[in-house]
Amino acid sequence: MDIIVLSPEATEEQIQNILKRLEQFGFKTTLSKGAERTIIGVIGDTSKVTEDEEERFKVMPGVENIMRILKPFKIASKDFKKAATQIRIRDYVIGGKAIHVMAGPCSVEGRDMIIDIARRVKDAGATFLRGGAYKPRTSPYSFQGLGEEGLKYLKEASEITGLPVVTELMDPRDIELFVEYVDIIQIGARNMQNFRLLLEVGKVNKPVLLKRGLSATIKEWLMSAEYVLSQGNPNVILCERGIRTFETATRNTLDLSAVPVLKQMTHLPVVVDPSHGVGKWDLVPAMAKAAIAAGADGLLIEVHHNPPEALSDGEQSLRPDVFSDLMKELKAIASVVGRELM
Ligand code: PEP
Ligand code: MN
């Protein structure tokens, strides 16, 4: 018993009764009013509901039908919600007609640096600023990010340019800082299955950009999204960033087929990160274009004013002028597939 379809004549009082009854069972609920039907999504472990109990729900006034979702990810699935999830962030909507490009350096390296890059990517047409303040580095001796100082610089860059900020959270202890400083909380590939972290970001009122794990299947990835959704945060953006395969010519293998696959399976918006996908700046433009053609709702692209001197991921970072040229091409591709890029 995962979805309760209401009859078109269901009154407000009847709906409230059904919601109350579900609450008594310990379930959370979502009410989605569609053009033709209103449905109640039941959140929680519904497998415990017995057939008799389900039968009693079925005969409640206002109920037309009750459905079970057999997929292990429930709230994330298209059975639960057909319409694409649209996430409003300041003046923008992710998951609508507009394609959003989130651009900036791998790491925030300093105040002037992030403000300068923010201005340049904005001029080129990016609508979000990316930049890591807490970095998940393979070596403990590599640059680990500026931490809270980095978050402050991101916020200042955001105030100057008007670009909302997306940045990675690694530790639930930092969550309050993130709520204060950032617009989208990024969960990195290495933390895709850090379930405690996922539960925590599920409890806050900030959109979450969930990167695909290094070796995660699409199903595992959606189960991770489900962790966030199950806590009441409906605003999850999936980000394909390449997976580990036997191929060594590129840093990862960017699984662009994940985009149309996800579009069949889920209503959540999908963003592609070609930078970590290929690991080499001169391969990024081709895959960025392909991602839009494949139906992505946005891109995450690393841009640095001086890639050879970057403190992380310089090899895959675009110079601002290359990024700017790419944006013009992306605009053309977006219009061919019926989308818009500002
Ligand atoms: C990043 O976006 O800089 C990053 C560390 O990405 P990922 O988690 O995909 O490796
Ligand atoms: Mn990076």
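Trainee: What makes us say that strands β10 and β11 pair?

Mentor: Good place to start! Two strands pair if DSSP finds at least two bridges between them; β10 (residues 184-187) and β11 (residues 208-211) have 3 bridges, in the parallel sense, so the label applies. Among the partners, isoleucine 185 stands opposite valine 208, and isoleucine 187 opposite leucine 210. Strands here are DSSP runs of E of at least two residues, and helices runs of H or I of at least four, numbered from the N terminus.

A word on the basis: this is a predicted model, where local features need pLDDT of at least 70, side-chain atom pairs count only at pLDDT 80 or more, and totals for chains, interfaces and linings use all residues. Residues are numbered from 1 along each chain as its sequence is written, chains are lettered from A and ligands numbered from 1 in the order in which they are written, and side-chain values use heavy atoms, leaving out hydrogens and water.

Trainee: Which strands close into the barrel?

Mentor: There are 8, in the order β7-β8-β9-β10-β11-β12-β13-β14, with parallel pairing. From one strand to the next, the twist averages 25°, an angle between N-to-C directions on a scale from 0 to 180 degrees, with axes fitted to C-alpha atoms (for helices, over the stretch in contact).

Trainee: Which strands does helix α3 touch?

Mentor: Helix α3 (residues 111-124) touches β7 (100-104) and β8 (128-130), where contact means heavy atoms within 4.5 Å. Its direction makes about 140° with that of β8.

Trainee: Why is the unit made by β10, helix α6 and β11 called right-handed?

Mentor: Point the strands away from you: a crossover is right-handed if the path from the first strand over the helix to the second runs clockwise. The unit with helix α6 (residues 195-202) earns that label, and so does the crossover from β9 through helix α5 (residues 175-181) to β10.

Trainee: What makes us say that both faces of β10 are covered?

Mentor: Ile184 and Gln186 on one side, and Ile185 and Ile187 on the other, are all buried. That means each has under 20% relative accessible area (exposed is over 50%, partly exposed in between; 1.4 Å probe, protein chains only).

Trainee: How do you know that arginine 130 makes a polar contact with ligand 1?

Mentor: Its polar side-chain atom lies 2.8 Å from an oxygen atom of the ligand. A polar contact is a pair of N or O atoms within 3.5 Å (within protein, one must be able to donate a hydrogen and the other to accept it, and residues adjacent in sequence count only if both atoms are side-chain atoms), so this pair qualifies. Lysine 211 has a side-chain N or O atom 2.8 Å from a ligand oxygen.
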